[in-house]
Amino acid sequence: AQPPRWHLHTAHQLWAPLTLADLEAINHCERPLPKNFNFAGDVLDQWSHKEKKGERPAIPALWWVSGTGDEVKWSFEELGSWSRKAANVLTQPCGLKRGDRVAIILPRIPEWWLVSVACIRTGLVFMPGTTQLTAKDILYRLQASKAKGIVISEEVIPAVESIESQCPHLKTKLLVSPQSRKGWLNFHELCRSASAEHSCVETGSQEPMAIYFTSGTTGSPKMAQHTQSSITIGNTICGRYWLDLKSSDVVWNMSDTGWIKAAIGSLFSSWIHGACVFVHQMIQFDADTFLDTLTRYPITTMCSAPTVYRMLVQKDLRRYKFQKLRHCLTGGEPLNPEVLEQWEKQTGLQLHEGYGQTEVGIICANEKGQKIKPGSMGKGISPYDVQIIDENGNILPPGEEGDIAIRLNSTRPFCFFSEYVDNPEKTSATIRGNFFITGDRGMMDSDGHFWFVGRADDVIISSGYRIGPFEVESALIEHPAVVESAVVSSPDPVRGEVVKAFVILSAPFKSADLEKLTLELQDHVKKSTAPYKYPRKVEFVQELPKTITGKIRRNNLRDHEWGRI
Ligand code: BCO
């Protein structure tokens, strides 16, 4: 097959609105990227017109349920009107300007969708973050990004108020809450009086739109920046062939709003295809609530991390009759073939695994209709040319393990992240010859199916979370009991892998009750950094394996955990 040709040039704005077919052609690289693109104006407002003309099924654009009886159903027109009000709030009382960076730390509530769309309407660069972030995490994000604004819900107030004095660039704090609070602008109050008239900014296709913080082996998370077109138009194909979307679908993607998977599944892919985004607030994951939701609502398409399916197949699924469910997807971490088989046996539905990253979106998938090989993450998704390469950038033959990489040809594909902000070294370190390196190891078989092997670095993928060992080690060292630690992945039947910390104790703690100390250290990490990173396993050791230059050999510990030595 011919490798795709990436378009460097952009075309002048078309006189006619972009159609779904246009977006697909752009995503396939069959036609150039338009000079300007704005997801709110070019996609959402178009669906609003179609809705008015009766060219879309009469289902909501956003359907949110709290789980305790509250429900929100918005048509595209209502979404448009509320998000225009929100856009006026962001630019007028909040005083934010095109290009300003805004942290959004909200749970799965309708306002997350409003504020994100409002940022797009106004050209603000939004930075989603999970509500699990601690004060230290938020401080780092606000300082590193020089964010001018922050939008949060009530539970995040103490964390932000404890660090805001150290954030000289932060000028606007917007609170999503029924209560007002001194020092904060109130989103609901301001929306009530805001105008629903707003002219969408004509953003450039390559203009920054969003920043996601993503963990690596060393240092603090990097700022992966996406453009107005990369995760929007760049997810048209994935929506069509992996998610198999039509405007009559009701899509439930469970991901937390802080991850790019929420943006792909619960915003861009779904709305590009005019489908209904279904959201359950689910503050804490619960398998029974999850299954009840699938039986009570006409959800057609469901996407969750493999860990969720591992938890679900432990239930007697035959007791449940899912109303309309027809297509099931998973991604974020490897799926075991046994879980796929059990899910299919109990529900009659196949599980379609996809593979991607914050930086590049979905790059491999078991598309609807393709033969699924249990354990494989499917084939490269158009227009990506995914290959397995060696350390010199040579393509390896089928069956050989190597680095999972994407061929670049002459230029950077528009659907990639544009850069790690303020980090040109790390941005260029992702390139090897003519390839973008994902950092994952894998294999391709002779049919073109890809098989995940593991990370090439020390990053831990647990329950779909990407966790940098350095971040956990940095949290542990703050505790007086810890002299030194090494953090690696360890196998787990439910979460795929979990964080394990090897800890050398300081003298005063050497005779401590180790069970109690384990809980104390876990609790300490949960308070210091986002709790999902806490070490679920802790082992106390006398020494750590090191190189002659004194660097900890995490790979020795990891290989031991995985029974490789
Ligand atoms: O399991 P534990 O109870 O011991 O600990 C849990 C929570 O209880 C705890 N926690 C949360 N908030 C806390 C807190 N502790 C103290 N204070 C707080 N404020 O921390 C632990 C968090 O673990 P969890 O989030 O895994 O919780 P849970 O309930 O077990 O959830 C299971 C999953 C599967 C629902 C969850 O792990 C999940 O959502 N995973 C998927 C993540 C995901 O969406 N990844 C996609 C990333 S984007 C990507 O991959 C790119 C693809 C293109």
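This dialogue covers the ligand site and the cavities of a predicted model.

Student: How many residues surround the ligand, and which are the closest?

Tutor: A residue belongs to the shell if one of its heavy atoms lies within 4 Å of the ligand. Here 24 residues surround the ligand, and Ser 463, Gly 464, Tyr 465, Arg 495 and Tyr 534 are the closest. By type, the shell holds eleven nonpolar, nine polar and four charged residues.

Student: Which side chains have an N or O atom at a short listed distance from a ligand oxygen?

Tutor: A polar contact is a pair of N or O atoms within 3.5 Å. For Tyr 465, a polar side-chain atom is 2.5 Å from a ligand oxygen. In the side chain of Gln 284, an N or O atom lies 3.0 Å from an oxygen of the ligand, and for Gln 132 the corresponding distance is 3.1 Å.

Student: What share of the ligand's area does the protein bury?

Tutor: The ligand taken alone exposes 1,100 Å², of which the protein buries 75%. Helix H9 (260-272), helix H11 (306-312) and strand E16 (351-357) are the elements that give two or more residues to the shell.

Student: How many cavities does a search of the whole structure find?

Tutor: Rolling a probe the size of a water molecule over the atoms shows where empty space is left. In this structure the search finds four cavities of 30 Å³ or more, and the largest holds about 80 Å³ of space.

Student: What lines the largest cavity?

Tutor: The lining has 15 residues, with Gly 234, Asn 235, Cys 238, Ile 362 and Tyr 384 closest to the centre. Helix H8 (236-242) and strand E17 (361-365) each give two or more residues to this lining. Its residues divide into nine nonpolar and six polar, with no charged ones.

Methods: Residues are numbered from 1 along each chain as its sequence is written. This is a predicted model: local features need pLDDT of at least 70, side-chain atom pairs count only at pLDDT 80 or more; totals for chains, interfaces and linings use all residues. Side-chain values use heavy atoms; hydrogens and water are left out. A polar contact is a pair of N or O atoms within 3.5 Å; within protein, one must be able to donate a hydrogen and the other to accept it, and residues adjacent in sequence count only if both atoms are side-chain atoms. Accessible areas come from the Shrake-Rupley method with a 1.4 Å probe; for residues, only the protein chains shown count as cover. Helices (H or I, at least four residues) and strands (E, at least two) are DSSP runs, numbered from the N terminus. Ala, Val, Leu, Ile, Met, Phe, Trp, Tyr, Cys and Pro count as nonpolar, Asp, Glu, Lys and Arg as charged, and the others, Gly among them, as polar. On a 1 Å grid over the protein atoms alone, a cavity is a set of points where a 1.4 Å probe fits but cannot get out, and a pocket is an open set with protein on both sides within 12 Å along at least five of seven lines; lining residues have an atom within 4 Å of a point. Grid points are joined across faces, edges and corners, and a volume is the space filled by probe spheres set on the points.
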